[in-house]
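Reader: I would like to learn how to read a structure like this one. Could you take me through a few features?

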Amino acid sequence: MQRDGVTISFEKAKIIYNLSFNDLLFRAQQVHRAHFDPNAIQMSRLLSIKTGGCAEDCGYCSQSAHYPTSLKASKLMEVERVLAEARNAQAGGATRYCMGAAWRNPKDRDMDALVAMVEGVRALGMETCMTLGMLTPEQSERLADAGLDYYNHNVDTSERYYKEIITTRTFEDRLETLANVRDAGIKVCAGGILGMGETVEDRISMLVTLANLPAPPESVPINMLIPIPGSKLADAPSVDPTDFVRIVALARILMPRSHVRLSAGRTGMSDELQALCFFAGANSIFVGDTLLTTDNPDEDQDAALFRRLGLKPMALERLP
Ligand code: SAM
Ligand code: DTB
Ligand code: SF4
């Protein structure tokens, strides 16, 4: 679909990444303006529909049962409660509702409830997104038929570094689910996390993988690690903010038509750093005071930031 038919090499991406900061940002801003309104920001809202107790051992996560993170596990939320939360999110300006579950993969017995959530949120006139772990082709089809617009499934880091962060599944598993989702006709949301002790090369390599998928993801979340006490990465070294901005700019240049989301970690960022990320081509955020289990800037703070920067919410294109 949006693929321009060019394969992006790691070497070329690295040359772009290492341009002078001003040249890199200028180029990213040119690409951004060629494809998007530079002042419009897409707003998504997250809800954890099933929290904690996850079988996977992702070293960054508060919800893995493998680490003593002091998070209480809960069962899958009732459909009606999910819909009530979605109505609140819509009233707060969100146009996409993203439902996340701490699963390795959904069980077939969960599918009816998940389908009802997608149908209910869509009936409100919001875009729907889910992130539930690995999906089979059949599960992907069912969610697509229910009207699921997006599926989030991050590659998180480079293929090389992946096994240092997660041992209970492989990078290849991740790509397989992305292919199942794509084949079912669902739009793909896939990105990663910076600040897990990875090298700059790992970050570039992650973006090259995403840009070279058969079709690049429509949405690319770039998360700054939120260090979780008790998790394996509780004390990971923080990311140089200009390196973070460089990755946002590279994502914009390599995936010109994708929405690049400045995702987790905004509570730890100054307005100035967020402004630089928007200038570098980020054009989507999570709104609302919680992500899945951690804090996010509250609505007043984001409204003030939008006013300071002259940004506006991106209007929702008509739902098909
Ligand atoms: N269980 C599903 C999965 O792993 O695909 C969905 C939920 S999982 C929490 C979604 C994504 O959130 C992860 O892939 C990761 O990129 C991001 N994430 C999780 N914990 C994070 C943290 N502490 N800081 C930044 N990003 C995080
Ligand atoms: C993504 O890339 N970031 C979101 C979403 N996809 C599901 C999740 C961020 C989670 C941050 C940690 C937490 O709240 O537990
Ligand atoms: Fe489970 Fe997802 Fe957290 Fe990994 S990132 S432990 S799969 S909830």
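Author: We will look at two ligands and then at two backbone angles. Please keep in mind that this is a predicted model.

Reader: Let's begin with ligand 2. Which residues are the closest to ligand 2?

Author: A good way to start is to list the neighbours of a ligand. Ligand 2 is surrounded by 13 residues, and the closest are Asn154, Asn223, Leu292, Thr293 and Thr294.

Reader: How many residues of each class make up the shell around ligand 2?

Author: Sorting the neighbours by class comes next. Here the shell holds 6 nonpolar and 7 polar residues, with no charged residues.

Reader: Which atoms of Asn154, Leu292 and Thr294 lie at short range from ligand 2?

Author: For polar contacts, look for pairs of N or O atoms within 3.5 Å. In Asn154, a side-chain N or O atom is 2.8 Å from an oxygen atom of ligand 2. Thr294 also uses its side chain, with a polar atom 2.7 Å from an oxygen atom of the ligand. For Leu292 it is a backbone N or O atom that lies 3.0 Å from an oxygen atom of ligand 2.

Reader: And how much of the accessible area of ligand 2 does the protein cover?

Author: On its own, ligand 2 has 400 Å² of accessible area, and the protein covers 87% of that. As for its place in the protein, ligand 2 sits in the largest cavity.

Reader: Now for ligand 3. Which residues are around ligand 3?

Author: We can use the same approach. Around ligand 3 you will find Cys54, Glu56, Cys58, Tyr60, Cys61, Ser64, Ala102, Trp103 and Arg169. By class, this shell has 6 nonpolar residues, 1 polar residue and 2 charged residues. The space that ligand 3 takes is, again, the largest cavity.

Reader: Let's turn to the backbone. What is the phi value of Ser70, and where is Ser70 found?

Author: Check the sign of phi and then the place in the chain. Phi of Ser70 is near 65 degrees, a positive value in a residue other than glycine. Ser70 belongs to the loop between strand 1 (40-50) and helix 3 (79-91).

Reader: Why does Ser70 count as exposed?

Author: Exposed means over 50% relative accessible area. Ser70 counts as exposed because its relative accessibility is 77%.

Reader: Is Asp156 buried or exposed?

Author: Asp156 has a relative accessibility of 3%, so it counts as buried. Its phi is near 70 degrees, also positive in a residue other than glycine. You can find Asp156 in the loop between strand 4 (150-152) and helix 6 (162-165).

Notes
Residues numbered from 1 in each chain as written. Chains lettered and ligands numbered in written order. Predicted model: local features only at pLDDT ≥ 70, side-chain atom pairs only at ≥ 80, totals over all residues. Heavy atoms only, no water. Near = heavy atom within 4 Å. 1 Å grid on protein atoms, 1.4 Å probe; cavity = no way out; pocket = protein on both sides within 12 Å on 5 of 7 lines; lining within 4 Å. Sits in = over half its atoms within 2 Å of the grid points. Nonpolar A, V, L, I, M, F, W, Y, C, P; charged D, E, K, R; others polar. Polar contact = N/O pair within 3.5 Å; in protein donor to acceptor, adjacent residues only side chain to side chain. Areas by Shrake-Rupley, 256 points an atom, 1.4 Å probe, with all protein chains shown as cover. Helix = DSSP H or I, 4+ residues; strand = E, 2+ residues; numbered from the N terminus. Buried < 20%, exposed > 50% of the residue type's maximum accessible area, 1.4 Å probe, protein only.
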